[in-house]
Amino acid sequence: MPQDNFQQLLLSAESEAVQRFLSLLHRSWPRLQVPMSDGQALQSLASRLMGRFPQLTPQLFVDLSQFMPFMAVSDIMRVPPALLANESVLAALRRHSTHMKLVQKSAFAKLLLQAQLLGDVPTWRPGFLRTIQPLLPHLPLRRFVQLTPQQIQGLADGWQEVRLGLAQGRHVAHSLINVSRGAGEEQVHRLGALACYLSPEELQVLAPLRDPLGPVEQSLLACAANGVLSQHGRVAYALADLLRSAGLAAVGPQELRAWRGIVPELGVRFLQRLSATQVRALLPELQAAHLTPAQASVLLTQAVRTENVTEGVVSSLCPLLPGLGPESLQAIPTPTLVQACECLATALPLLSAPQKAALLQRLSREQQARSIWPDCLLPFVPLKLLHLDAATLLGQSGRFWELPWSQQQAQFLWRKVEAVTNVSQETIRALGTLAAGMGCASLQQFSRRADFLGVLRVLYACPSRLPGSLRRCVWEEIRSRPGLSGEELVWLGPRFLMDLPAKLVDKLPNDSVRLILDYVSSHPQSLLMLPPHRRAALAHRALRLLRAPAETEIPGEVLDLLGPLLGFLGQEAAAHVQPESLLLRLEELQGACLAEGFAEELGRLLLTERVLGPPQCWSLLDVQQLGRLVFLLPVESVRLIPREVRSRDTLEQLLQSQREWEQSEPGRLCQPPGAQGRVRSRKEALVAWLVRSSPVGAQDPVPSCADMRATYPAAWSVAQISSMAPSHFEGCLDLISQDPALSPEQLRAALGKAKQLFGTAQPLQPVHVLQLGLLATQLSEQELHELELSNWGALSVLGVLEGWTARQMRAVVSSFLRQSGMSVQGLALPELAALGHLLCGLRADEMRLLNSREFSQAAPFVGSLRLGCSERQLETLAELLTSRLAFGPVSSWGPEIFTEIGTLAGGFQPSPAAGLHQRPGLSRDPPAARAAQRRAEPSSGQCPVRGGGRPGWQGQE
């Protein structure tokens, strides 16, 4: 039903009728088969139904309870806290809690703290606690630790069923130990999975690890398998040390399967000793994300040697695909690969560009129908191999609806569809993600139709985000039309509203701002796709809506309603945040993207008396609450944190928290310029007591692997890395080889240790090079000449790395050509993708000999790199792409080809590209692309500016 019609129905119906409708809906819900995938529509429905009843009763809340997993934070905050003292309300809350998002659980947990009838946390009754136990982990840490040992013991069985944070889990474990009796080992055994929250020091005192089959050790192994234990933490390292000492021949399949969470920590040498039976038992239990490429390569090579790879077997090999090489790929029959998408899809994001290229070439050459690609591989298919026709796209639109096409694929295929059919709203809706390939000319055609706003609404409802060029065209069309009403803005949806220029955000009606707030609370990453100035504009407009004019400080309720927009308030607005309200929201801030100005002001506020006070007075709880926010403090303040609080265990927690944030998708998208440098200086201040000797002139300590895991490799000097015991260095080699913060001197020191480990009597083997990671960039020309580089697999290990000198690149390329017996002309798609950064090791005259057809297929892989080639080399590569066998003359190119070749467009000189400015939106200055040297959204789809816009509605983004 259209939303406006439903809203009118709700407003015109009598309250009693709506209540009866709600009750009927609640009772019928299990039979209604509501599509839960449409969360936005269900959130909107829940909001409208709740808005109909300003005063919720327990019965109304229960009748609405099926909507809990879809409620916006603003709707949850409208629930009267007193309702949570009602048993039926609590039962409904517990029943639906498993389907709620974290932000919803956190909002309900805050309501519990506001309910005066419930009293303070230490007074909560056992029955009440059992009902709300799924929400307890979402209480602010400051309130969670108020749970008494008696309260925690009363919930003992239920703790195994909830996922706790490290500080919460430790509070529960300590409380249970404090109220129990018996020897330390017996106490830890009774903890079960909660033993995983104890520190290595506590385990050493209470229950030292001795027997892989012991009850405590089995609990820890189960935690490692479930992801509760940090894979690179000190407890995991101690467990791995224990398992390595076991007699491997006597370890049965079932016991080995229990080790699955620790396998990545056991190292390559251990995996090489596994028998074929043991490998077979282990394969179904492994996860691709946890293995290093070297480990995956060793296991995959062993598996394909002993197995006849059928469709049933290949599913167990999928976690090992990050180790795919020429030999293992050859062992998998083509029909099996074609049918293996169910498992391939999970491994593909972890594959390197050369591995994807080799898969594509294998299927392209050996399939009879080249247009038939496995669906999971389609988003990686280069334009030169993408032979889908419009009839297939239209006839099987359901199959392609959510496929994550690349921008250039969408542009390329859209043109095919447009050439054979009259595109309508329904066509756009049916094509799903492919609609992002629409060009400006098509949009301008739609703008002349009466249903243009309907077309926009369908476009913005597509599963993928519209590319920048199309968003700019949408805005140009909107500018040239009469003003949109508030109802139309809301109707177009939050994604459209968030794409409006910053100048317009300030003029948005309140209903539109509320819609954006509800949307970003459940889709926080959508904000990270916007430019910083637009995020700031949205944050300030939302604050203006939520903050009462008379308020001198921004209270906690407003911070909750702002949600992820809070982090984009400027320094001036952040200074008005009520300091005390931060104490109950530190966990949310740890998971939020914080703009530089807000982060700086937050660091200052945390040190005020109304929040945590001077750092020299902080307790362990204060630091645990902060987590990664400790890296926002001034360096001097970090140094003042008491030494007894900055134990090895605390260092490990804080640094792990920061590392997990940086490696998460929001963390990667959020990094502001210079953030790494600021964090590094605070890390150094935090770990200085452990890394550097105190007395002047004393020798710095030699790190153990446990010390390095409690800190990070780059914290230790060249001399300290060189002095590490071989066994400790081997235990930390995977961490060291992947630390991008290591200086060239530290890399060289680590390389020297690694070569001692592998033995210097013979050249490094391919598996050794895989283990070296970033250390390989410090190999000498002679050592690079001696490497075994006979195929694309060995070459790709080096090609993915940056930071080579011209002489090193030349050494690798010439060695590969010599050992493989290939000529420059014979290099095909896998080899060109495998060369990667090393492509610059070919001289310009050699580059001219490359097969232009193969190079055009490799363009999306090579064009995604920042190549360190000379200008002449870049020009040569660009010329190859204009060959008849590649993409042909530049004058015939569409925007999809410029997107496909990425940074390779930087090789065009003004003369061959002189005609480009004739095409709408293409830059007159191709060398600018060379300067940028990055794969960015092209401007090739921009519309020419059209007149008719109203003053004040024109803004450049």
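**Exercise 1. Describe the place and surroundings of Arg399.**

Step 1. Arg399 lies in helix α27, residues 397-400; helices here are DSSP runs of H or I with at least four residues, and strands are runs of E with at least two, numbered from the N terminus. The model is a predicted one, in which local features need pLDDT of at least 70, side-chain atom pairs count only at pLDDT 80 or more, and totals for chains, interfaces and linings use all residues. Residues are numbered from 1 along each chain as its sequence is written, and side-chain values use heavy atoms, with hydrogens and water left out.

Step 2. The relative accessibility of Arg399 is 33%, so the residue counts as partly exposed (buried is under 20% relative accessible area, exposed over 50%, partly exposed in between, with a 1.4 Å probe and protein chains only).

Step 3. Neighbours within four places in sequence are set aside; Arg399 is then in contact with Trp373, Asp375 and Leu378, where contact means heavy atoms within 4.5 Å.

Step 4. The side chain of Arg399 has a polar contact of 2.6 Å with that of Asp375 and one of 2.8 Å with that of Gln396. A polar contact is a pair of N or O atoms within 3.5 Å; within protein, one must be able to donate a hydrogen and the other to accept it, and residues adjacent in sequence count only if both atoms are side-chain atoms.

Step 5. For a long-range distance, take Gln873, 474 residues from Arg399 along the chain: the two C-alpha atoms are separated by 42 Å.

**Exercise 2. Why does Glu217 count as buried, and which residues does Glu217 contact?**

Step 1. Glu217 belongs to helix α14, residues 215-226.

Step 2. Its relative accessible area is 4%, so Glu217 is buried.

Step 3. Without neighbours within four places in sequence, the contacts of Glu217 are Pro208, Leu209, Arg210, Asp211, Pro212, Leu239 and Leu242.

Step 4. The C-alpha atoms of Glu217 and Gln857 are 51 Å apart, with the two positions 640 residues apart along the chain.

**Exercise 3. Describe two residues of helix α45, Thr650 and Ser657.**

Step 1. Helix α45 covers residues 648-663 and holds Thr650; Ser657 is found in α45 as well.

Step 2. Thr650 is buried at 4% relative accessible area, and Ser657 is buried at 19%.

Step 3. Leaving aside residues within four places in sequence, Thr650 contacts Leu620, Val623 and Val645. The side chains of Thr650 and Ser647 form a polar contact of 3.1 Å.

Step 4. Ser657 touches Gln590, Gly627 and Arg628, again not counting residues up to four places away in sequence.

**Exercise 4. Characterise the packing of α31 against α32.**

Step 1. Helix α31 (residues 452-460) and helix α32 (residues 468-479) pack at about 155°, and their axes are 12 Å apart. Axes are lines fitted to C-alpha atoms, for helices over the stretch in contact, and angles run from 0 to 180 degrees between N-to-C directions.

Step 2. The angle makes α31 roughly antiparallel to α32 (under 35 degrees is roughly parallel, over 145 roughly antiparallel, 65 to 115 roughly perpendicular and the rest oblique).

Step 3. The α31 and α32 crossing is left-handed, a term used if the near helix is turned anticlockwise from the far one by less than a right angle, with right-handed used if clockwise.

Step 4. From α31, Phe452, Leu453, Leu456 and Tyr460 meet Arg471, Val474, Glu477 and Ile478 from α32. Six residues of this contact are nonpolar, none is polar and two are charged (Ala, Val, Leu, Ile, Met, Phe, Trp, Tyr, Cys and Pro count as nonpolar, Asp, Glu, Lys and Arg as charged, and the others, Gly among them, as polar).

Step 5. Eight of the nine residues of α31 are buried. The buried residues of α31 pack against α29 (425-431), α30 (440-447), α32, α33 (486-492) and α34 (494-498).

**Exercise 5. Repeat the analysis for α30 with α32.**

Step 1. The axes of α30 and α32 come within 10 Å and cross at roughly 30°, which means that α30 is roughly parallel to α32.

Step 2. The crossing of α30 and α32 is right-handed.

Step 3. Cys440, Leu443, Gln444 and Ser447 of α30 make the contact with Ser469, Leu470, Cys473, Val474 and Glu477 of α32. By class, five of these residues are nonpolar, three polar and one charged.
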